[in-house]
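Here are my comments on the model, set out as numbered points. Please read them with the coordinates open.

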Amino acid sequence: MAEPAVQDRQEMFSGTKEVVEQHRFDVKRLEDYLASKIADFQRPLEVRQFKGGQSNPTYQLVTPNRKYVLRRKPPGKLLPSAHAVDREFKVISALHPTGFPVAKPYVLCEDDSIIGTMFYVMDCVEGRILWDGLLPGYEPKQRWAIYDAMNETLARLHSLDYTKIGLEDFGKPGNYIGRQISRWTKQYQLSETENIDEMNKLIDWLPAHLPPGERSCVVHGDYRLDNMILHPTEPKVIAVLDWELSTIGDPLADFTYHLMQWQMPSGGSSAGTATLMGSDLKALGIPTIDEYVAMYCKRTGRAETPNMNYYAAYNFFKLAGILQGIVGRVRDGTAANANATAHAAAVRPLAERAWYFAKQAGAKG
């Protein structure tokens, strides 16, 4: 499927819409609940649904004095361990007091009787969400500054001591890659809609060739341009979004996932599978992958980033598994995004790209 035009993609995923039928709930019941839980909450409440955000339906809550954001588990049949909005709430609650850019959290509701599924409410941060990594409409210096801010923010996350901010029980330190491969293998197989030979080979090869010397830190799990809000006018990240895949894990796995934007095969059909490949990055003012790696290493005190081909294979495998999960939710009627069906065409190219990097790392066959 051809990639949508730049402005089409920005329009497709930006802003809000009327709440779709399958994600509606009793607004008055929610209003009463929030009035009892949030100081200075004012009635009446108006609810809109954000266009973006595939996994967990996300709503804008408009009141006379403030806007909030609500993230919920989708209704219907769900994959095991997916849609962990309680984990999102836990990590942003730990990060917010440190000054790391996340929205202010207000309340987590585990009572399904309020809107039908677990949800949490946070502040609505006003700024820019950019859906195209080529940053059309910006000057080269502006593009460089935005990429520099992304790099600095991720390096800052990876430099936090998770035990000092109350996240010592947020995940198991060590063997992150092994556990992730196991998780995404299971989720991929539960969601599988066609046989992809490269995925089958990766499922065998990846766990048998885990990289040594793994460190542990808070990882985001899906760190990319469209999962953050930039200051309205400055090249500054003011909120990192979508912490569903966050845990205690390997910083290099998190960073190299972010690097896939430089390595993505062309033809992706969504914001999450757009690519910088084939573009004149120097003319655009966007760092090359080598420049971007050097920036991260300087900020985190690393001499190098070893096993890059393995990490690339792992991350393309993981993304293929994530997108296949969305395809499976379309099949099961629980997908939150009207554009989710477009992901089906992306799974095979991602698997092929993963196997390409696996071969670069020494895989045979």
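1. What share of the contacts in the protein with a separation of 6 or more comes from residues 24 or more positions apart? The figure is 73%. Keep in mind that this is a predicted model.

2. Overall make-up. The protein has 365 residues, and 54% of them are buried. Its secondary structure consists of 12 helices and 10 strands.

3. Main core. The largest nonpolar core holds 47 residues. Val-91, Tyr-147, Trp-243 and Tyr-292 have the most contacts inside this core. At least two core residues come from each of α3 (85-95), β6 (119-123), α4 (140-159), β8 (228-230), β9 (237-240) and α10 (289-300). The top contributor is α4, with seven residues. In soluble globular proteins, nonpolar side chains tend to be buried together.

4. Second core. A separate core of 40 residues is also present. Among its members are Met-199, Ile-203, Trp-205 and Met-260.

5. Helix α4. Does its length fit, and what does it bury? Take the span: 20 residues at 1.5 Å a residue should cover 28 Å, and the end C-alpha atoms are 29 Å apart, so the two agree. The buried residues of α4 include nonpolar ones such as Ile-146, Met-150 and Leu-154. Arg-143, Asn-151, Thr-153 and His-158 are on the buried list too.

6. Tyr-147. This residue of α4 is buried. Setting aside residues up to four places away in sequence, Tyr-147 touches Gly-133, Leu-135, Gln-261, Trp-262, Leu-276, Ile-286, Pro-287 and Tyr-292. Two names on that list recur in this note. Tyr-292 is, like Tyr-147, one of the residues with the most contacts inside the largest core. Leu-135 is taken up next.

7. Leu-135. This residue sits in the loop between β6 and α4. Its phi is positive, about 50 degrees, although Leu-135 is not a glycine. Is Leu-135 buried or exposed? Buried: its relative accessibility is 1%, and the cut-off is under 20%.

8. The loop between α2 (27-37) and β2 (46-50). Two backbone features deserve a look here. Asp-40 lies in this loop. Its phi is near 60 degrees, a positive value in a residue other than glycine. Asp-40 counts as partly exposed because its relative accessibility is 45%. Pro-44 lies in the same loop, between α2 and β2. A cis peptide bond joins Arg-43 and Pro-44, with omega about 0 degrees.

9. Pro-251. This proline lies in helix α7, residues 251-258. Pro-251 has a relative accessible area of 6%, so it counts as buried. Which residues are in contact with Pro-251, leaving aside neighbours within four places in sequence? They are His-158, Arg-215, Ser-216, Cys-217, Val-219, Tyr-296 and Arg-302. His-158 is one of the buried residues of α4. Another α4 residue, Ala-155, is 96 residues from Pro-251 in sequence, yet the C-alpha to C-alpha distance is 8.9 Å.

10. Thr-305. The loop between α10 and α11 (308-332) holds this residue. Thr-305 counts as buried because its relative accessibility is 13%. Beyond residues up to four places away in sequence, Thr-305 touches Leu-252, Val-293 and Cys-297.

11. Helix α11. This helix has 25 residues. From first C-alpha to last, α11 reaches 36 Å, close to the 36 Å expected at 1.5 Å a residue. The helix is mostly covered, with 20 of its 25 residues buried. Gly-333 follows α11, and its phi is positive, near 80 degrees.

12. Cavities. How many cavities of 30 Å³ or more does the structure hold? It holds two. The second largest has a volume of about 50 Å³. Its lining consists of Glu-88, Ile-92, Val-102, Ala-103, Tyr-120, Met-122, Val-240, Leu-241, Asp-242 and Trp-243. By class, the lining has eight nonpolar residues, no polar ones and two charged ones. The elements that give two or more residues to this lining are α3 and β6. Trp-243 is also among the residues with the most contacts inside the largest core.

Definitions and conventions:
Residues numbered from 1 in each chain as written. Predicted model: local features only at pLDDT ≥ 70, side-chain atom pairs only at ≥ 80, totals over all residues. Heavy atoms only, no water. Core = buried A, V, L, I, M, F, W, Y, C linked by side-chain atoms within 4.5 Å. Buried < 20%, exposed > 50% of the residue type's maximum accessible area, 1.4 Å probe, protein only. Helix = DSSP H or I, 4+ residues; strand = E, 2+ residues; numbered from the N terminus. Contact = heavy atoms within 4.5 Å. Expected span 1.5 Å × (residues − 1). 1 Å grid on protein atoms, 1.4 Å probe; cavity = no way out; pocket = protein on both sides within 12 Å on 5 of 7 lines; lining within 4 Å. Points joined across faces, edges and corners; volume = space filled by probe spheres on them.
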